[in-house]
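Good morning, colleagues. I would ask you to look at the structure on the screen while I take you through its main features.

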Amino acid sequence: MKRDLQFKKVLKIDAGKALDVVSNFDKYSEFVPGCTEAKLISRNPPIEIGRLEFQILGKKYFIESRNEIFENYITIKQLKGPFDSFDAKWSVNKIDKDFCEICFFGSFELPFLLNTIIPQSLVKSFSNNIIESFINKVQ
């Protein structure tokens with residue numbers, strides 16, 4: 001069963017600076033909760049392949065993704081990792097010189113067993129923590 005995550009917020013910051021935080025994949029371990037390592041595997045603009053490692057409840061997980069970077073958005077597709085599928089998009093829309101709207105949309109599918117035991121409230125709480133870490137880093 002696919003699950004979706006959505007987030008949207010207006011921030012008082014230049015849109016370019018906000019997009020820099022989202023697109024600097026190799027810096028995620030500095031501010032994303034549970035992320036213990038972030039590596040850029042390859043870069044062939046506009047495509048980057050990256051790997052994030054997470055320590056969650058005493059267990060290590062990784063996700064390798066294909067990230068396509070555009071002028072005001074980034075698409076993310078899991079290549080390897082714990083999800084049966086994971087696709088996401090960050091977008092940063094300039095409102096004026098001082099404000100932008102940052103949006104996240106993600107769609108994922110957990111393996112059958114995990115899907116049955118992990119409640120949506122836990123998924124939402126975990127994802128909110130990660131998204132808030134991006135917002136805090138941007139501000």
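The largest pocket of this predicted model holds about 1000 Å³ of space. Its lining is made up of 38 residues, and those closest to the centre are Phe 54, Ile 56, Phe 83, Phe 126 and Ile 130. Rolling a probe the size of a water molecule over the atoms shows where empty space is left.

Which elements give two or more residues to the lining of this pocket? They are α1 (15–23), β3 (47–56), β4 (59–69), β5 (73–80), β6 (85–94), β7 (100–109) and α3 (120–138). The most is given by α3, which supplies nine residues to the lining. As to the character of the lining of the largest pocket, 31 residues are nonpolar, six are polar and one is charged.

Let us stay with one residue at the centre of that pocket. Ile 130, one of the residues closest to the pocket centre, belongs to helix α3. Is Ile 130 buried or exposed? Its relative accessible area is 17%, so Ile 130 is buried, the cut-off being under 20%. Setting aside residues up to four places away in sequence, Ile 130 touches Val 32 and Pro 33. The chain also brings Gly 34 into this part of the picture: 96 residues separate Gly 34 from Ile 130 along the chain, while their C-alpha atoms are 8.9 Å apart.

Helix α3 also contains Val 138. With a relative accessibility of 6%, Val 138 counts as buried. Beyond its neighbours within four places in sequence, Val 138 is in contact with Leu 11, Ile 13, Ala 18 and Val 21. Its distance from Phe 112 makes a useful reference: the two are 26 residues apart along the chain, and 35 Å lies between their C-alpha atoms.

Two of those contacts of Val 138, Ala 18 and Val 21, bring us to helix α1. The buried residues of α1 are Ala 15, Ala 18, Leu 19, Val 21, Val 22 and Ser 23. What covers these buried residues? The cover includes β3, β4, β5, β6, β7 and α3. At the start of α1, Asp 14 places a side-chain oxygen within 3.0 Å of the backbone nitrogen of Gly 16.

I turn now to the largest nonpolar core. In soluble globular proteins, nonpolar side chains tend to be buried together. Here the largest nonpolar core has 35 residues, of which Tyr 28, Val 32, Leu 52, Trp 90, Ile 102 and Phe 134 touch the most other members. At least two residues of this core come from each of β1 (2–11), α1, β2 (35–44), β3, β5, β6, β7 and α3. The largest share, six residues, is supplied by α3. Thus α3 has the largest share of this core and also gives the most to the lining of the largest pocket.

Leu 52, one of the core members just named, deserves a further word. Not counting residues up to four places away in sequence, Leu 52 touches Phe 25, Tyr 28, Cys 35, Glu 37, Ala 38, Tyr 61, Phe 62 and Ile 63.

Strand β3 also includes Gln 55. At 33% relative accessibility, Gln 55 counts as partly exposed. Apart from neighbours within four places in sequence, Gln 55 has contacts with Gly 34, Thr 36 and Lys 60. Ser 91 is 36 residues from Gln 55 along the chain, with 27 Å between their C-alpha atoms.

In the loop between β2 and β3 we find Pro 46. The peptide bond from Pro 45 to Pro 46 is cis, and its omega is near 10 degrees.

Finally, I would compare two residues in strands. Ser 65 sits in strand β4, and Thr 75 in strand β5. Are they buried or partly exposed? Ser 65 counts as buried, at 3% relative accessibility, whereas Thr 75, at 26%, counts as partly exposed. The side chains of Ser 65 and Asn 67 are joined by a polar contact of 3.1 Å. Leaving aside neighbours within four places in sequence, the contacts of Ser 65 include Phe 25, Glu 48, Ile 76 and Leu 79. On the same basis, those of Thr 75 include Arg 66, Asn 67, Ala 88 and Lys 89.

Thank you for your attention.

Notes: Residues numbered from 1 in each chain as written. Predicted model: local features only at pLDDT ≥ 70, side-chain atom pairs only at ≥ 80, totals over all residues. Heavy atoms only, no water. 1 Å grid on protein atoms, 1.4 Å probe; cavity = no way out; pocket = protein on both sides within 12 Å on 5 of 7 lines; lining within 4 Å. Points joined across faces, edges and corners; volume = space filled by probe spheres on them. Helix = DSSP H or I, 4+ residues; strand = E, 2+ residues; numbered from the N terminus. Nonpolar A, V, L, I, M, F, W, Y, C, P; charged D, E, K, R; others polar. Buried < 20%, exposed > 50% of the residue type's maximum accessible area, 1.4 Å probe, protein only. Contact = heavy atoms within 4.5 Å. Core = buried A, V, L, I, M, F, W, Y, C linked by side-chain atoms within 4.5 Å. Polar contact = N/O pair within 3.5 Å; in protein donor to acceptor, adjacent residues only side chain to side chain.
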